[in-house]
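Student: Please take a close look at one loop position in this model and say how exposed it is. I should then like the account to be carried outward, in one connected answer, to the rest of the chain.

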Amino acid sequence: MLALCLVVSLAAPACDRLPVLSRTTPTPTATEMPAPTPAWQQPDTYRLAMLPAWADDVIAVSDPPFYYIRARLFLGASQPRLQVQQTTRYTNRSTQTLDRVYFRLFANKPSFGSELAFGSVTVAGQEAALDYQSERTAVGIILPTALRAGEAVDVEMLYNVTVPVENARGYGTYNYQDGILLLSNFYAMVAVHEADGWNLALAPDYGDPVYAETSFYSVEFTAPTDLKLVASGSGISRVENSDGTVTWKFVSGPMRDWMLVASERFESVSLALGHVRVNSYFLPQHRDAGVAMLAFARDSLRAYQESFGPYPFAEFDVVEAPVSGGMEYPGLILIDTRQYEAAGEYLEFITAHEVAHQWWYSLVGNDQVTVPWLDEGLTNFSTLYYYEYVYGSDRARLAFDNYVASRYVRLRESGQDAVVNQPVEAFSPEMYSAIVYGKAALFFQDVRAELGDTVFLDAMRAYLVDRKYQLSTPEDWLRVFEQVSGQELDELYTQWILEE
Ligand SMILES: [Zn+2]
């Protein structure tokens, strides 16, 4: 079960003031919005989701976005929907004055057939004008008073958002299917403000859409009693309501996204890896694979902790779901239910891949739309360390050849190649797979051969320390590796990443 062993008392949740569950979902009005619980803006609140040794990481990120999300799930209609009250504290960390703050609304992606519709958006009690961009997958909240460098603003939103049914787009991660509800990016997510403005780029359906700053999430989620909820971060309380619903409260660690999966059908097994609680959630008919997944997840976490540095969060969840392949979120990964059915060796590889994203994507972020190779290449390459840790170097080489290198080798044999350093949209789905997952991983393998194991791992650890909870660029990676190794890597970098 989800971390309810960690129940602690917090300030009284505001869930008892949420509107009563009904068959219809009227657009909420500002007067129904309860006053926010003050603790959600305090970093200390989020220590609850951290391992004791890393609890101080909550103050390592200066002025991150804070989210306080109260969501009520309505199942039973033709399309599930959520009624959401979201308060976001945004601090202007740029040197510019901002007249608006942009949020991503991925639920509005045209191919999904779902919609996020606002009831109201207010700033300091005043209704704000909205500026939709990127096919309504982004919205600018026009501020009544411009936000100067270092100043913070609370944006309050009331909205309804529908969840598509049997939606295979976007890897099927925003979807309700086979009794499993997948809520990838259902909420309004603060966009990244870069030196040249807001980044609102939208990946095609085959790329990872999320490019986000490390943030804190405090979520109260009200759902039917028999649903089992699995989420990023830690569940800290569960309150039964008089109307047959339950309100769960979750807090995240410093995380750049927040994911929730729910199903009545989930069974689970758990273990402790040091102080990390590792949970595997699966459908009843896949118990053997679900139990095996717990060991794969444990051994992957161990291998990467020994190689790269600690996993700082108190909980890690691996969840069976009707998705394509696997998908990573901070503290939670989804693995394709078809792989549980097949129960072959690829299930283990996918798990090792998605767990490695906890380092390269979750702890160290990057722009997954523009430089997808940085996290995908590093992640796919990192699976070598899992196989070396568990099975030794011979089997590791085989796995690397089969699952990582072969896609690119086949492409080369067919006379094709492409530059690695390109955005998702520059590739066809086939090329994306071979170049971003294959060729980029071979680059890291070549750097490892050049530097030797010891220096290479020193550089990987230094990279994690340098970029932990931050966004990274290829230049950051190159800078750290050249500093630590004392070697010029431009030539290898140019040959593998910049040239065809
Ligand atoms: Zn990946």
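Tutor: A residue is called buried when its relative accessible area is under 20%, exposed when it is over 50%, and partly exposed in between, with a 1.4 Å probe and protein chains only. The model is a predicted one, and the position chosen for the close look is Ala-129, in the loop between β5 (126-127) and β6 (130-133). Is Ala-129 buried, partly exposed or exposed? Its relative accessibility is 45%, and it therefore counts as partly exposed.

The surroundings of Ala-129 can be described through its contacts. Leaving aside residues up to four places away in sequence, Ala-129 touches Gly-140, Ile-141 and Ile-142. Strand β7 spans residues 138-147, and these three contacts of Ala-129 carry numbers inside that range. Arg-100 is 29 residues from Ala-129 along the chain, and 9.6 Å separates the two C-alpha atoms.

The loop between β6 and β7 holds Arg-136. Arg-136 is not a glycine, yet its phi is positive, at about 65°. With a relative accessibility of 43%, Arg-136 counts as partly exposed, because this value falls between the two cut-offs. A positive phi is also found at Ala-343, at about 50°, again in a residue that is not a glycine. Ala-343 belongs to the loop between α2 (337-342) and α3.

Strand β5, which precedes Ala-129, leads to the sheet architecture. Eight strands make up an open sheet with mixed pairing, in the order β5-β4-β8-β2-β1-β14-β17-β16. Its edge strands are β5 and β16 (234-240), each of which pairs on one side only. Within this sheet, β4 (residues 116-123) and β8 (residues 152-162) run antiparallel and are joined by seven bridges. In this pair Ser-120 of β4 faces Leu-158 in β8.

A contrasting loop position is Asn-185, which is placed between β10 (180-183) and β11 (189-190). Its relative accessibility is 4%, so Asn-185 counts as buried. Beyond residues up to four places away in sequence, Asn-185 touches Phe-106, Ala-107, Pro-209, Val-210 and Asp-257. Trp-54, by comparison, is 131 residues from Asn-185 along the chain, with 26 Å between their C-alpha atoms.

The domain assignment sets these loops in context. It divides the protein chain into domain 1 (4-262), domain 2 (267-363) and domain 3 (372-498). Between the C-alpha centres of domain 2 and domain 3 the distance is 22 Å. Their contact involves 25 residues from domain 2 and 27 residues from domain 3.

A second open sheet has five strands in the order β19-β20-β21-β23-β22, again with mixed pairing. Strands β19 (267-273) and β22 (326-329) stand at its edges; each has a single partner strand, so one side of each lacks a neighbour in the sheet. From one strand to the next, the twist averages 15°. Strands β20 (residues 276-282) and β21 (residues 315-321) run parallel and are joined by five bridges. Ser-280 is positioned opposite Val-318 in β21. Across β19, β20, β21 and β23 (332-336) lies helix α1 (residues 287-307), which runs at about 25° to β19.

The account ends at the metal site. Which protein atoms are donors of the zinc ion? They are NE2 of His-353, NE2 of His-357 and, listed twice, OE of Glu-376, at 2.0 to 2.7 Å from the ion. The angles subtended by the four donor atoms run from 52 to 154°, which makes the arrangement irregular. Along the sequence, the donor residues follow the spacing H-x3-H-x18-E. His-357 and Glu-376 are 19 residues apart and link distant parts of the chain: His-357 sits in the loop between α3 (345-356) and β24 (365-366), while Glu-376 sits in helix α4 (residues 372-391). His-357 has 0% relative accessibility and so counts as buried. Glu-376, at 2%, counts as buried as well. These two donor residues stand in contrast to Ala-129, which is partly exposed at 45%.

Note on methods. Residues are numbered from 1 along each chain as its sequence is written. This is a predicted model: local features need pLDDT of at least 70, side-chain atom pairs count only at pLDDT 80 or more; totals for chains, interfaces and linings use all residues. Side-chain values use heavy atoms; hydrogens and water are left out. Donors are N, O and S atoms within 2.8 Å of the metal (3.2 Å for Na, K and Ca); water is not among the atoms, so sites may look incomplete. Four donors count as tetrahedral if all angles lie between 85 and 135 degrees; four count as square planar and six as octahedral if opposite donors are over 155 degrees apart and all others between 65 and 115; anything else is irregular. Helices (H or I, at least four residues) and strands (E, at least two) are DSSP runs, numbered from the N terminus. Two strands pair if DSSP finds at least two bridges between them. Axes are lines fitted to C-alpha atoms, for helices over the stretch in contact, and angles run from 0 to 180 degrees between N-to-C directions. Contact means heavy atoms within 4.5 Å. Domain bounds come from an automatic or database domain assignment.
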